[in-house]
Amino acid sequence: MAAHTPEQTTAGTHAKKRRCAEAALRYIDPGSVLGVGTGSTVGYFIAALAARPGLIRAAVSSSTATTALLRSAGIDVFDLNDVGTVHLYIDGADQATRARHLIKGGGGALTREKIVAAAAERFVCIIDDGKLVDTLGSFPLPLEVIPMARTLVTRALAARGGRAEWRRDFLTDNGNQIIDVQGLPLADPPALERELDTLTGVVTVGLFALRPADVLLVGTATGVETI
Ligand code: 5RP
């Protein structure tokens with residue numbers, strides 16, 4: 001099933017995505033092993049990498065979709081367990097604040113994305129300016145859950161004011177389900193992430209606040225803003 005994409009992507013948005021993706025190239029240490037996220041913005045980044053053969057030694061991938069894109073671009077993909085620390089991780093997001101807190105998981109790859117981000121010394125996040133917000137939350141927060149715990153987690157979220165919607169007919173690369181939640185209090189993203197992490201049956205919360213991005217590259221109509 002398609003990723004959770006609530007709004008149409010316009011030609012202007014594609015140009016902004018390409019702009020921030022290409023700007024991320026300058027953060028790469030040549031010859032290093034690079035962590036690579038998932039999504040259409042990352043697709044532009046992989047296309048930019050493909051145009052610079054030999055720039056990186058190999059990649060660690062955050063999804064089967066990204067692995068396929070990397071391989072078709074002629075880039076070797078290593079298992080994270082064989083690499084250890086990743087020098088740099090490049091990924092998109094669904095929403096971001098100037099504090100570099102993120103909502104991720106619109107494409108359903110949040111668990112592997114969080115793992116590679118945790119292993120990375122530096123996380124550069126690439127977004128178009130339509131995703132930059134004062135407060136997270138207008139984009140539904142994805143949670144990856146163990147399938148048998150879906151309704152248990154849904155009830156626990158409802159007790160906290162959250163309205164959860166099951167992303168039907170979608171399984172993650174890990175064989176789990178996704179629920180998208182609205183209505184949770186997001187004034188303090190690290191606190192909410194910490195709390196939701198404790199719910200039994202939750203594999204991964206799509207809030208990236210305890211480990212935020214280190215750099216946000218925001219594609220605009222005229223250039224790229226660095227935060
Ligand atoms: C996938 C993600 C993506 O980074 C997020 O959905 C942004 O995608 P896109 O670049 O296509 O807008 O978190 O799980």
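Two strands are taken to pair if DSSP finds at least two bridges between them, and in this predicted model that criterion underlies the pairing of strand S13 with S14, within which Val-218 stands opposite Glu-225 in S14. Three bridges join strand S13, residues 215-219, to S14, and these strands run antiparallel.

**Domains**

The protein chain is divided into domain 1, made up of 6-132 + 211-226, and domain 2, which covers 141-206. The centres of domain 1 and domain 2, taken over C-alpha atoms, are separated by 24 Å, and the contact between the domains takes 14 residues from domain 1 and 17 residues from domain 2.

**The seven-stranded sheet and its helices**

S13 and S14 belong to an open sheet of seven strands, whose order is S3-S2-S1-S4-S7-S13-S14 and whose pairing is mixed. At the edges of this sheet are strand S3 (77-78) and strand S14 (224-226), each of which pairs on one side only. Helix H1 lies across strand S7 (120-128), S13 and S14, and runs at about 155° to S7, while helix H2 lies across strand S1 (33-36), strand S4 (86-91) and S7, running at about 155° to S1.

The two helices also meet each other: the axes of H1 (residues 11-23) and H2 (residues 40-50) come within 8 Å and cross at roughly 50°, which makes H1 oblique to H2. The crossing in which H1 passes H2 is right-handed. On the H1 side, the residues His-14, Lys-17, Arg-18, Cys-20, Ala-21 and Glu-22 meet Ser-40, Thr-41, Tyr-44, Phe-45 and Ala-48 of H2. Sorted by class, this contact of H1 with H2 has five nonpolar, three polar and three charged residues.

**The four-stranded sheet and its helices**

A further open sheet has four strands in the order S9-S10-S8-S11, with antiparallel pairing. Strand S9 (163-166) and strand S11 (202-205) stand at the edges, and because each has a single partner strand, one side of each is left without a neighbour in the sheet. From one strand to the next, the twist averages 30°. Strand S8, residues 141-145, is joined to S11 by three bridges, and these strands run antiparallel; Val-145 stands opposite Val-202 in S11.

Helix H4 packs on this sheet and touches S8, strand S10 (177-182) and S11, whereas helix H5, which also packs on the sheet, touches S8, S9, S10 and S11. The table sets out the helix directions relative to a strand for both sheets.

| Helix | Reference strand | Angle between directions |
|---|---|---|
| H1 | S7 (120-128) | about 155° |
| H2 | S1 (33-36) | about 155° |
| H4 (residues 110-119) | S11 | about 65° |
| H5 (residues 150-158) | S10 | about 15° |

Conventions: Residues numbered from 1 in each chain as written. Predicted model: local features only at pLDDT ≥ 70, side-chain atom pairs only at ≥ 80, totals over all residues. Heavy atoms only, no water. Axes fitted to C-alpha atoms, helices over the stretch in contact; angles between N-to-C directions. Contact = heavy atoms within 4.5 Å. Parallel < 35°, antiparallel > 145°, perpendicular 65-115°, else oblique. Left-handed = near helix turned anticlockwise from the far one by under 90°. Nonpolar A, V, L, I, M, F, W, Y, C, P; charged D, E, K, R; others polar. Domains from an automatic or database assignment.
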